[in-house]
Amino acid sequence: MAEIKAGTPQAPCDRLLSTAEDSGSSSVPIVTHLSDWDFGTNYRDAMRPVLVRGACAAWSACQRWSPQYFDQVAGSLAVPVKTLKNGDIKVSSWRLAEYVRLIMGQPPVGDGVSSDPAPIPYCHDIPLLGLVESLASDCQPFPANFLSPWYRRHWWRYSQFFMGPAGTVTPLHFDSLLSHNLFFQIYGEKQFTILPANQAAYCGRRGWRWFDVDPEQPDYVRFPQYRQTTPIVITVSAGDMLYMPPGTLHHVRSLSSSISFNIDWHTNRSVLHALAQCYKGMPRKVIYYNAITALAVIAKIPEAITFSLYRPYLSYVS
């Protein structure tokens, strides 16, 4: 791996906004370089989010990847496309070429937020880089040393891919496995609203990992405790990498047509913490995937054995 060199966190810029400034909210540090040691010590182990501006801007992916590019390299591939309405997720199978046509024909989305937006089909949380492994060569040099050893050799197998038009939204949630999250924005821009895990009780939790509060239009009548939260809104642009610690709540809106991917990954500490939550409503499948991860990360059972058991998580709908 070619190291992302260490730098000093910068002051928040005009793309780092707090929606709760009067509550004393902290900000997400924005850096331009980050060494393995700095990342591990000051962010991963300290459980602090960080945005690395331009971290992957030199990748070929940031020059090549576009909806049209995926039409060319994987247009015949059948992918799951999800539509979310009133908390229910409907999954349908599309040829990737058909989905690209939807993106290219999508009318512009205004700056306002509709009170009842029509659901937009969203191609997300799919293991595309694992299905088309040549795409990984577009993502070099990849910061594999940021990950635990189990994930490093074939990091692309553990990634989940996102592509959609402007206006696609993922409601407030945390990642199912309570894992660390490295997110790479390749094309377009996304707006993240993030809250620390310890504020989950104020957000109208529904089921294991979803929340009914809409951070863009919070209903303080239904959720008066949401006033106690300190959400931070940050724009992640093409070439940026965002790190979020386990349990971080995040709401995501595509500000333009967008292509990105992320990797959910565990350390010894995070997977043990996740397994300790198994009696707090964690679904059985999530317990299972965390147990498999513990065998890989802690017991160091070879990837040749563990990955085939873990693979279904990458297409898991929860």
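This report describes the enclosed and open spaces of the structure and the packing of two of its helices.

The model is a predicted one, and a search of the whole structure finds three cavities of 30 Å³ or more. The largest cavity holds about 280 Å³ of space, and 23 residues line this cavity, with D125, F162, H173, D175 and H250 closest to its centre. Several strands take part in the lining of the largest cavity: strand 6 (123-126), strand 7 (159-164), strand 8 (169-173), strand 9 (180-187), strand 10 (189-195), strand 15 (249-254) and strand 16 (258-265) each supply at least two residues. Sorted by class, the residues that line the largest cavity are nine nonpolar, nine polar and five charged.

The second largest cavity contains about 40 Å³ of space, and its lining consists of K82, I89, H124, D125, R209, W210, Y316, V317 and S318. In this lining, four residues are nonpolar, two are polar and three are charged.

Among the pockets, the second largest has about 410 Å³ of space. Its lining is made up of 20 residues, and those nearest the centre of the pocket are L178, A197, P246, G247 and H273. Helix 7 (residues 268-275) gives the largest share of this lining, with three residues.

The table sets out the class make-up of the three linings.

| Space | Nonpolar | Polar | Charged |
|---|---|---|---|
| Largest cavity | nine residues | nine residues | five residues |
| Second largest cavity | four residues | two residues | three residues |
| Second largest pocket | nine residues | six residues | five residues |

Turning to the helices, two packed helices are described by the angle between their axes and the distance between the axes. Helix 8 (residues 284-297) packs with helix 9 (residues 303-310) at an angle of about 170°, and their axes lie 10 Å apart. Because angles over 145 degrees count as roughly antiparallel, helix 8 is roughly antiparallel to helix 9. The crossing of these two helices, helix 8 and helix 9, is left-handed. On the side of helix 8, the contact is made by Y288, Y289, I292, T293 and A296, while helix 9 contributes T306, L309 and Y310. By class, the contact between helix 8 and helix 9 has six nonpolar residues and two polar ones, with no charged residues.

Technical notes
Residues numbered from 1 in each chain as written. Predicted model: local features only at pLDDT ≥ 70, side-chain atom pairs only at ≥ 80, totals over all residues. Heavy atoms only, no water. 1 Å grid on protein atoms, 1.4 Å probe; cavity = no way out; pocket = protein on both sides within 12 Å on 5 of 7 lines; lining within 4 Å. Points joined across faces, edges and corners; volume = space filled by probe spheres on them. Helix = DSSP H or I, 4+ residues; strand = E, 2+ residues; numbered from the N terminus. Nonpolar A, V, L, I, M, F, W, Y, C, P; charged D, E, K, R; others polar. Axes fitted to C-alpha atoms, helices over the stretch in contact; angles between N-to-C directions. Parallel < 35°, antiparallel > 145°, perpendicular 65-115°, else oblique. Left-handed = near helix turned anticlockwise from the far one by under 90°. Contact = heavy atoms within 4.5 Å.
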